[in-house]
Amino acid sequence: MGEFVRVETDGGVATIRIDRPKMNALNLQAQLELAECARQVDADAGVYAVVLYGGPVFAAGVDVKEMAGMSYADMAAHSRVLQDCFTAVARIGKPVVAAVNGYALGGGCELALCADVRIAGESAKLGQPEILLGIIPGAGGTQRLPRLIGPSRAKDLILTGRHVSAAEALSLGLVDRVVPDEEVHAEALAYAGRFTGGPVLALRAAKQAIDRGLETDLDTGLEIERLQFSGLFATEDATTGMRAFSERSKAEFTGR
């Protein structure tokens, strides 16, 4: 368990909890701990799904005070670490839900983009305000945001640096559901809980096929899908699932 980021597991769902008061600014230590927690839940066979959560504030961004003292040479080295830490979250091979309360700005918004589903509280604010500091998003915002909401909408948020409400984020496709603030974590846990006992190999394959397919052309994406699809026929879970379907019974998946 890290000082600022920890894993809490209950019933097959792991919560990666950010806890760096007051605003959960993600300094280097928090970034490294976040990556370690991501690797931990990815490797844990007892974890079926993951929730990203920061309490009253999801994450107000990367620690600007820490960045302000960096030179170009410093940031040229650190930016690789920064992106790798966020990529570790994006590459968790299990469904990941971001439970967004308070602020998800800058690096906080970029972290939410690493999830598969985003559930926001009614008073949440999201955005990429880096341009107002004379910089641009550096933890995936210029790449993941346009892939999610389209280039024109992404440019609007990144070029203006404006914050958007949860309601506007929902209309943009930046979040998938808006609930009362006090229900955000419970809603995320409930959604993630749907995957407990599920076909973990198929879930991982589906997520990889979608994510990697978005990075390439259609023909290559279809080949990625074909290989993942056919590969699952070598698993016990596929045999179990199709047998259960034929017998009209509930499949008991084992992850093999």
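This report describes the overall build of a predicted model of a protein chain and then looks at a few of its parts.

## The chain as a whole

The protein chain contains eleven helices and eleven strands, and its C-alpha atoms fill a box of roughly 60 × 40 × 35 Å when this is taken along the principal axes. A compact globule of 256 residues would have a radius of gyration near 18 Å, and the value for this chain, 19 Å, agrees with that expectation.

Buried residues account for 43% of the 256 residues, while the accessible surface comes to about 12,900 Å², with 56% of that surface belonging to carbon and sulfur atoms. Among the contacts in the chain with a separation of 6 or more, 68% are between residues that stand 24 or more positions apart.

## Helix H1 and a nonpolar patch

Helix H1 covers residues 28-43, which makes 16 residues, and it reaches 23 Å from its first C-alpha to its last, close to the 22 Å expected at 1.5 Å a residue. The buried residues in H1 are Ala-30, Gln-31, Glu-33, Leu-34, Ala-35, Cys-37, Ala-38 and Val-41. When reading such a list, it helps to recall that an α-helix has 3.6 residues a turn, so residues three or four places apart point the same way.

Leu-28 and Leu-32 join Val-81 in making a nonpolar surface patch of about 200 Å². Val-81 is found in helix H3, which spans residues 72-90, and this valine is partly exposed, with a relative accessible area of 30%.

## Ala-60, in a loop

Ala-60 lies in the loop that runs between strand E4 (49-53) and strand E5 (61-62), and it is partly exposed because its relative accessible area, 28%, falls between the 20% limit for buried residues and the 50% limit for exposed ones.

Leaving aside residues up to four places away in sequence, Ala-60 touches Met-23, Asn-24, Tyr-103 and Leu-105. Ala-60 and Gly-213, in turn, are 153 residues apart in sequence and 31 Å apart in space, counted from C-alpha to C-alpha.

## Lys-125, in a strand

Lys-125 belongs to strand E9, which is made of residues 125-127, and this lysine is partly exposed, with a relative accessible area of 33%. Apart from residues up to four places away in sequence, Lys-125 touches Gly-102, Tyr-103, Ala-104, Leu-105, Val-164 and Ser-165.

Tyr-103 and Leu-105 therefore appear among the contacts of Ala-60 as well as among those of Lys-125. Lys-125 and Val-62 are 63 residues apart in sequence, and their C-alpha atoms are 16 Å apart in space.

Note on methods:
Residues numbered from 1 in each chain as written. Predicted model: local features only at pLDDT ≥ 70, side-chain atom pairs only at ≥ 80, totals over all residues. Heavy atoms only, no water. Helix = DSSP H or I, 4+ residues; strand = E, 2+ residues; numbered from the N terminus. Expected span 1.5 Å × (residues − 1). Buried < 20%, exposed > 50% of the residue type's maximum accessible area, 1.4 Å probe, protein only. Patch = residues over 30% accessible without salt bridge, like charges linked within 9 Å, V, L, I, M, F, W, Y side chains within 5 Å. Areas by Shrake-Rupley, 256 points an atom, 1.4 Å probe, with all protein chains shown as cover. Salt bridge = Lys/Arg side-chain N within 4 Å of Asp/Glu carboxyl O. Contact = heavy atoms within 4.5 Å. Rg over C-alpha atoms; globule rule 2.2 N^0.38 Å.
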